[in-house]
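Hi there,

Here is the structure I promised to pass on to you. Have a look at it first, and then read on for what turned up in it.

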Amino acid sequence: MISVIIAVVVFFCFQKLAARFGKKKWLYGLSGVTLCLGVQFIFGLIYGIIGIILDPNHYTQDIDFHSFTLVNILGWILSVMAAFLTGWYLYSRWKKNMP
């Protein structure tokens, strides 16, 4: 649920940034959502692969996707950082190219 909230906030922030510089709002909003969810997915995938490599019996138990774990929190932090850095990069690039 928190991933969805983060994605919605990033959508509106990227949409506002794109509107400020006259770009397509929906395109950059969806790009931000894709970035956030993609970073979280890749982080979880890497964690899972490392967990399986280091301990082959790592996933013998039932997996609870609705809990606050350190992996979830780190994924959220990384996705927010990636969105912030991407937004900062777009802002600086667009501001430099303005007449």
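**What was found**

Let me begin with the second largest pocket, whose lining has nine nonpolar, one polar and two charged residues. Please keep in mind as you read that this is a predicted model.

The space in the second largest pocket comes to about 270 Å³. Which helices supply the lining? Both α1 (2-20) and α3 (70-97) give at least two residues each, and α1 gives the most, with seven residues. If you would like to find the place in the viewer, the lining residues include Val9, Val10, Cys13, Phe14, Lys16, Leu17 and Arg20. Val80, Ala83, Phe84, Gly87 and Trp88 are also among them.

One residue of that lining, Ala83, is a good place to stop for a moment. Alanine 83 sits in helix α3. Is alanine 83 buried or exposed? Its relative accessibility is 7%, so alanine 83 counts as buried, the cut-off for buried being under 20%. And what does alanine 83 touch, once its neighbours within four places in sequence are set aside? Its contacts are then Val10, Phe14, Leu35 and Cys36. Val10 and Phe14 also belong to the lining of the second largest pocket. To give you a feel for distances, alanine 83 and valine 71 are 12 residues apart in sequence, and their C-alpha atoms are 18 Å apart in space.

Now for the whole chain. The protein chain has three helices and zero strands, which gives the pattern α-α-α when read along the sequence. The C-alpha trace spans about 60 × 25 × 20 Å along its principal axes. How does the radius of gyration of the protein chain stand beside that of a compact globule of 99 residues? The protein chain has 17 Å, whereas such a globule would have a value near 13 Å.

A few figures on burial and contacts round this off. Of the 99 residues in the protein chain, 24% are buried. The chain exposes about 7,500 Å², and 71% of this area is supplied by carbon and sulfur atoms. Taking the contacts between residues at least 6 apart in sequence, 69% join residues at least 24 apart. With alanine 83, you can look at such contacts for yourself: Val10 and Leu35 are two of its partners.

Enjoy exploring it!

Best wishes

Definitions and conventions: Residues numbered from 1 in each chain as written. Predicted model: local features only at pLDDT ≥ 70, side-chain atom pairs only at ≥ 80, totals over all residues. Heavy atoms only, no water. 1 Å grid on protein atoms, 1.4 Å probe; cavity = no way out; pocket = protein on both sides within 12 Å on 5 of 7 lines; lining within 4 Å. Points joined across faces, edges and corners; volume = space filled by probe spheres on them. Helix = DSSP H or I, 4+ residues; strand = E, 2+ residues; numbered from the N terminus. Nonpolar A, V, L, I, M, F, W, Y, C, P; charged D, E, K, R; others polar. Rg over C-alpha atoms; globule rule 2.2 N^0.38 Å. Buried < 20%, exposed > 50% of the residue type's maximum accessible area, 1.4 Å probe, protein only. Contact = heavy atoms within 4.5 Å. Areas by Shrake-Rupley, 256 points an atom, 1.4 Å probe, with all protein chains shown as cover.
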